[in-house]
Amino acid sequence: MLEKVDVLIIGSGASGAAAAWSLADTRMRILCLEQGDWIKQSEYPTNGRDWEARQFSDFHPSPNKRGRTTDYPVNDDNSPIKVLNFNAVGGSTILYAAHYPRLHPSDFRVKSLDGVADDWPVDYATLEPFFAENDRMMGVSGLAGDPAYPAHTPPMPPLGLGKSGTRFAHALNTLGWHWWPSDTTLATTDYDGRAKCINLGHCTFGCSQGAKASTDITYWPRAIRAGVELRTRCRVSRIETGPDGMATGATYFDAAGVEHFQPAEIVILAANGVGTPRLLLNSASAQHPDGLANSSGQVGRNLMFHPYASIYGYVDEPLDGNKAPPLCLWSHQHYETDLSRGFVRGYSYQLGRGVGTITEAITSTAAGRLPWGEGHHDAYRRLMNHRIGMAAICEDLPEEHNRVTLDPTLKDSNGIPSPKIDYTISENSHRMLDHAIARAKDILHAAGATDIGVDRPILFGGWHLLGTARMGTDPARSVVNAWGRSHDVKNLFIIDGSLFVTSGGVNPTSTIQALALYIADTIKQRLATLFD
Amino acid sequence: MTLTPSEITDFRALAALIIPPSAKYTIPGANDDLIFADILNSLGRDLPDVQSALAALATIAGAPLASLPQARQTEIATHLRTQGGTPIAVLTRIVLLCYYRDDRVMLSLGLEPRPPFPKGHVLEQGDWSLLDPVKSRPPIWRPV
């Protein structure tokens with residue numbers, strides 16, 4: 001049997017890395033098990049001429065399409081939005097757009113303010129110091145003074161407006177609507193050992209320059225130097241429990257398929273909003289017949305994705321195309337509830353720059369905009385680098401029937417049952433999408449765009465995996481308490497997006513990491529009475 | 001597993017129908033020797049879908065595609081595209097992603113034939129005074 005550790009963290013992505021770093025100063029023995037590998041910057045697509053092609057193969061955001069040996073399959077047939085992730089040291093921070101908004105203060109109080117869903121057991125003010133600490137650790141670029149948020153000051157200046165951002169700025173000013181340079185985790189100056197952004201333009205699929213913050217190059221080097229052990233190619237199959245109901249450690253398969261049991265005093269789950277409920281459900285036992293930490297029946301329920309729409313058009317001059325980070329600005333004009341719009345809660349826009357030459361050809365061919373045959377070349381020259389577009393990211397409210405369960409037949413390469421997704425888009429979300437698309441067209445028309453295209457919802461848009469082990473004060477309606485500890489198993493913690501009570505209408509990574517730091521800090525404060 | 005000679009012949013004829021050469025822009029079509037070799041080398045995990053698309057093509061054509069009159073070839077290609085489905089979408093994607101990374105094609109589009117790293121690109125800062133009207137707005141976040 002392996003030597004017992006004090007803290008076992010499962011998953012090395014956004015939250016696992018942050019918690020490992022934070023807990024390292026306790027001098028406890030900390031081990032993180034990660035099913036993926038380290039990814040070298042030299043392996044990222046932008047090193048080669050086939051950089052755009054690889055988003056359809058070994059860097060596809062869907063594990064089902066990507067099919068690396070380190071991936072597990074997901075049955076998402078019964079969902080209009082497909083699950084996306086990346087399994088490696090750094091997790092899905094390897095494969096994300098680096099758009100880095102925080103949830104708004106109102107997002108933590110949706111029941112009190114709008115009478116829907118539930119309030120969170122924590123609030124923005126409590127998390128604020130952890131947002132700031134995380135901004136420093138990840139290295140955030142942006143501009144202080146955004147009227148859409150309480151005051152905060154990103155440590156680096158924002159990305160340039162570029163041609164696309166300038167077009168959007170004029171359009172939104174014409175409409176009198178909010179816009180602001182996005183907070184991003186792209187280094188705009190040399191920062192903490194990272195070289196500054198040189199506009200490779202393909203940020204989502206990994207940054208060869210190392211300018212994009214992923215936790216393998218931010219938190220992990222510091223955590224490892226502080227004594228944390230990170231063990232790769234270790235796929236956890238179960239969390240084990242003892243007769244007293246406490247977690248005793250985890251069983252995992254190594255790269256050779258050999259099974260091990262890793263004992264631990266404390267187990268922390270950081271495997272994302274699909275991986276975490278999968279593991280809890282796979283940890284069912286005689287003591288926990290419905291899955292571990294699931295006396296509430298809430299494990300796997302309330303899955304929230306963020307329904308996305310992509311809205312774009314074409315202008316009469318070349319813009320930035322793929323020659324800069326894909327996202328430049330945000331607009332939170334329609335973020336807070338206004339019931340006259342026909343829905344509750346709201347959405348934000350991620351305002352983009354453009355797409356690569358091949359992506360333009362493929363998407364325009366699929367949309368019927370780019371013909372085969374004689375007219376192909378002239379049409380393509382009118383499209384290339386002339387695209388201006390945005391994504392609307394809509395708040396997804398929790399619904400119990402949207403859930404992660406275990407597939408009865410599908411298994412990963414170690415024979416571990418795979419997750420099955422059942423998800424529908426709510427009527428409120430549909431009305432929100434209607435509004436977001438209509439207002440996006442207003443923006444595009446103001447920007448002089450024509451030939452408007454809409455993708456709704458974005459099929460491969462399940463980047464944000466939220467809500468499936470939510471936090472709360474009522475053990476009958478939540479899985480963990482206000483600081484991430486399981487109501488049922490007092491040495492089991494959850495720190496990833498599963499915790500989210502509601503989704504907000506922005507990308508969640510900043511908030512996931514602030515929550516992970518908050519929970520780690522609370523663990524440190526309560527060490528003497530942690531299991532009481 | 002690879003494509004058969006007859007599948008390759010049909011595929012090459014179809015590639016020319018998707019992207020023909022252009023005298024106007026002095027660029028090859030997708031059936032060009034170098035580009036089509038790249039296409040064949042890039043099938044990888046998509047080979048089954050490509051085979052499926054070519055099987056559908058062979059059924060519709062009833063003869064080697066290149067042996068048919070040009071008008072009939074175009075008609076068949078249009079039919080395939082209109083019919084849609086994953087296999088033809090995958091085949092088209094491979095044709096496009098190989099075509100638009102060919103040096104001659106990229107140069108004709110005014111693009112440098114190189115990977116993004118390590119040279120990168122230059123992004124203009126733009127005029128930040130555009131933000132002044134937004135800065136002058138009162139907070140729009142909802143106090144709690």
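How are helix 5 of chain A and helix 10 of chain A oriented to each other? In this predicted model, the axes of helix 5 (residues 162–175) and helix 10 (residues 427–446) of chain A come within 8 Å and cross at roughly 115°, and the two helices are therefore roughly perpendicular to each other. The crossing of helix 5 of chain A and helix 10 of chain A is right-handed. On the side of helix 5, A:Ala171, A:Leu172, A:Thr174 and A:Leu175 take part in the contact, where they meet A:Asp442, A:Ile443 and A:Ala446 of helix 10; by class, the residues of this contact divide into five nonpolar, one polar and one charged.

Helix 5 of chain A also takes part in the interface between the chains, in which 56 residues of chain A are in contact with 44 residues of chain B. At least two residues of the side of chain A that touches chain B come from each of helix 5, helix 8 (357–366) and helix 9 (376–383), and helix 5 gives the most, with seven residues. This side of chain A comprises 22 nonpolar, 25 polar and nine charged residues.

The largest nonpolar core has 157 residues, of which A:Leu8, A:Ile10, A:Ala19, A:Ala20, A:Ile268 and A:Ala392 touch the most other members, while helix 11 (residues 509–525) of chain A gives the most to this core, with nine residues. When neighbours within four places in sequence are left aside, the contacts of A:Ile10 are A:Leu33, A:Val236, A:Ala250, A:Ile268, A:Leu269, A:Ala270, A:Ala271 and A:Leu279. A second, separate core of 40 residues includes A:Ile358 together with B:Ile27, B:Ala30 and B:Tyr99.

How values were computed:
Residues are numbered from 1 along each chain as its sequence is written. Chains are lettered from A and ligands numbered from 1 in the order in which they are written. This is a predicted model: local features need pLDDT of at least 70, side-chain atom pairs count only at pLDDT 80 or more; totals for chains, interfaces and linings use all residues. Axes are lines fitted to C-alpha atoms, for helices over the stretch in contact, and angles run from 0 to 180 degrees between N-to-C directions. Helices (H or I, at least four residues) and strands (E, at least two) are DSSP runs, numbered from the N terminus. Angles under 35 degrees count as roughly parallel, over 145 as roughly antiparallel, 65 to 115 as roughly perpendicular and the rest as oblique. A crossing is left-handed if the near helix is turned anticlockwise from the far one by less than a right angle, and right-handed if clockwise. Two residues are in contact if their C-beta atoms, placed from the backbone, lie within 7 Å. Ala, Val, Leu, Ile, Met, Phe, Trp, Tyr, Cys and Pro count as nonpolar, Asp, Glu, Lys and Arg as charged, and the others, Gly among them, as polar. A nonpolar core is a set of buried Ala, Val, Leu, Ile, Met, Phe, Trp, Tyr and Cys residues joined through C-beta atoms within 7 Å. A residue is buried if 20 or more other C-beta atoms lie within 10 Å of its own, exposed if 12 or fewer, and partly exposed in between; C-beta atoms are placed from the backbone.
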